[in-house]
Amino acid sequence: MEDKRRRARVQGAWSVPAKGQAPAPPGKALRGASRDDSTEKSPSHRKPGLTWANKELHPGDRQFLFTEPQQVARRVPEPRVIDKAGVYDISLAPTGVSRVSLYPGFVAVEEADRALEQLCRDVPWQQRTGIREHVTYQQPRLTAWYGELPYTYSRITLEPNPHWLPVLLALKGQVEANTGHRFNSLLCNLYRDEKDSVDWHSDDEPSLGPRPVIASLSLGATRTFEMRKKPPPEEDGDYTYAERVRIPLGHGALLLMEGATQADWQHRVPKEYHSREPRVNLTFRTVYPDPGGPHS
């Protein structure tokens, strides 16, 4: 019994490291004394539990990989839909406020029905030839002009026509009385069906002055009036991320465009994919004899 206790004490003494001596790495006794002493003394090899797969690198061994910063993806903005009566400031820029006012049902249904019938029958509609990038094309709609002065747009000149129909004079007076603006000219557009349209443009001809007011009265089938904000110079004419507005214009609706709308925005009436009945659009405006517009 005494002999067993003595052997236990001897074994316990071997298992305790000497004072000030670090514990031997696991398995050192099995690897033998033939191992390089300089490797055993390396700090990276004295840390227990390290293997070749997870050992730390020396500062000089670390590799730095350059990762190019990712750009934040730009999103195409959702179109803003305006379908309720009201006055809407759609943008503010150094040129001023761009404002549109929508009045659904401005003309009562029965009156709008009579006006639509008369205008489709009595207006001297013509399909004119346009020019875009030196290419001629037939405008996909019919037009007519009323006013004491000629009007030129898209390299098309409309000759003066002072012979206003009574129904047009009545509608002009109604628009002027309710908007507070006076107009001396009218461009009429007839969209015969869903295939007729007008492409992106601004009513910014010099003869209209620097901040023209356009009153657009719709009669007939509902068509969508689309607007897009002109991009800043750095976008190089790219409208991909431009702000957009969609306005459904129904029978008897009046849309008023004021301020910097023509300077900062474009608008169009696109083709439709479903059948549409005829629509007459009356765009009242003021034309000045001086191409430079009114004196400020």
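**Exercise 1. Find the order of the strands in the open sheet of 5 strands, and say which ones stand at the edges.**

Start with the order: in this predicted model, the open sheet runs S1-S13-S12-S15-S10, and its pairing is mixed. Next, look at the two ends. S1 and strand S10 (198-201) each have a single partner strand, so one side of each is left without a neighbour in the sheet. That puts S1 and S10 at the edges.

**Exercise 2. Work out how S1 is joined to S13, parallel or antiparallel, and by how many bridges.**

A bit of background helps here: strands in a sheet pair through backbone hydrogen bonds, and they can do so parallel or antiparallel. Now check this pair. S1 and S13 run parallel, with 2 bridges joining them. To pin down a bridge on the structure, pick Arg-80 and look across to S13, where its partner is Val-245.

**Exercise 3. Find the salt-bridge partner of Glu-235 and say where in the chain each residue sits.**

First, the idea: side chains of opposite charge can pair when their charged atoms come close. The partner of Glu-235 turns out to be Arg-74, with 3.3 Å between the closest N and O atoms. Then place both residues. Glu-235 lies in the loop between strand S12 (223-229) and strand S13 (244-249), while Arg-74 lies in the loop between helix H4 (43-46) and strand S1 (80-81). The two are 161 residues apart, so this pair links distant parts of the chain. Last, check exposure: Glu-235 is partly exposed at 22% relative accessibility, and Arg-74 is partly exposed too, at 48%.

**Exercise 4. Sort the residues of two other salt bridges, Arg-121 with Asp-122 and Glu-272 with Arg-276, into buried, partly exposed or exposed.**

You need the cut-offs: under 20% is buried, over 50% is exposed, and in between is partly exposed.

- Arg-121 has a relative accessible area of 53%, so it is exposed.
- Asp-122 comes in at 37%, so it is partly exposed. Its closest atom contact with Arg-121, N to O, is 3.0 Å.
- Glu-272 has 18%, so it is buried.
- Arg-276 has 27%, so it is partly exposed. The N to O distance between Glu-272 and Arg-276 is 3.6 Å.

**Exercise 5. Count the salt bridges and the disulfides, then compare Cys-120 with Cys-188.**

The salt bridges come to 13. Among the residues involved, Lys-172, Glu-176 and Arg-182 are linked in a network. For disulfides, the count is 0. As for the cysteines, Cys-120 is partly exposed at 34% relative accessibility, whereas Cys-188 is buried at 0%.

Conventions: Residues are numbered from 1 along each chain as its sequence is written. This is a predicted model: local features need pLDDT of at least 70, side-chain atom pairs count only at pLDDT 80 or more; totals for chains, interfaces and linings use all residues. Side-chain values use heavy atoms; hydrogens and water are left out. A disulfide is a pair of cysteine sulfur atoms within 2.5 Å. Buried means under 20% relative accessible area, exposed over 50%, partly exposed in between (1.4 Å probe, protein chains only). A salt bridge is a side-chain nitrogen of Lys or Arg within 4 Å of a carboxyl oxygen of Asp or Glu. Helices (H or I, at least four residues) and strands (E, at least two) are DSSP runs, numbered from the N terminus. Two strands pair if DSSP finds at least two bridges between them.
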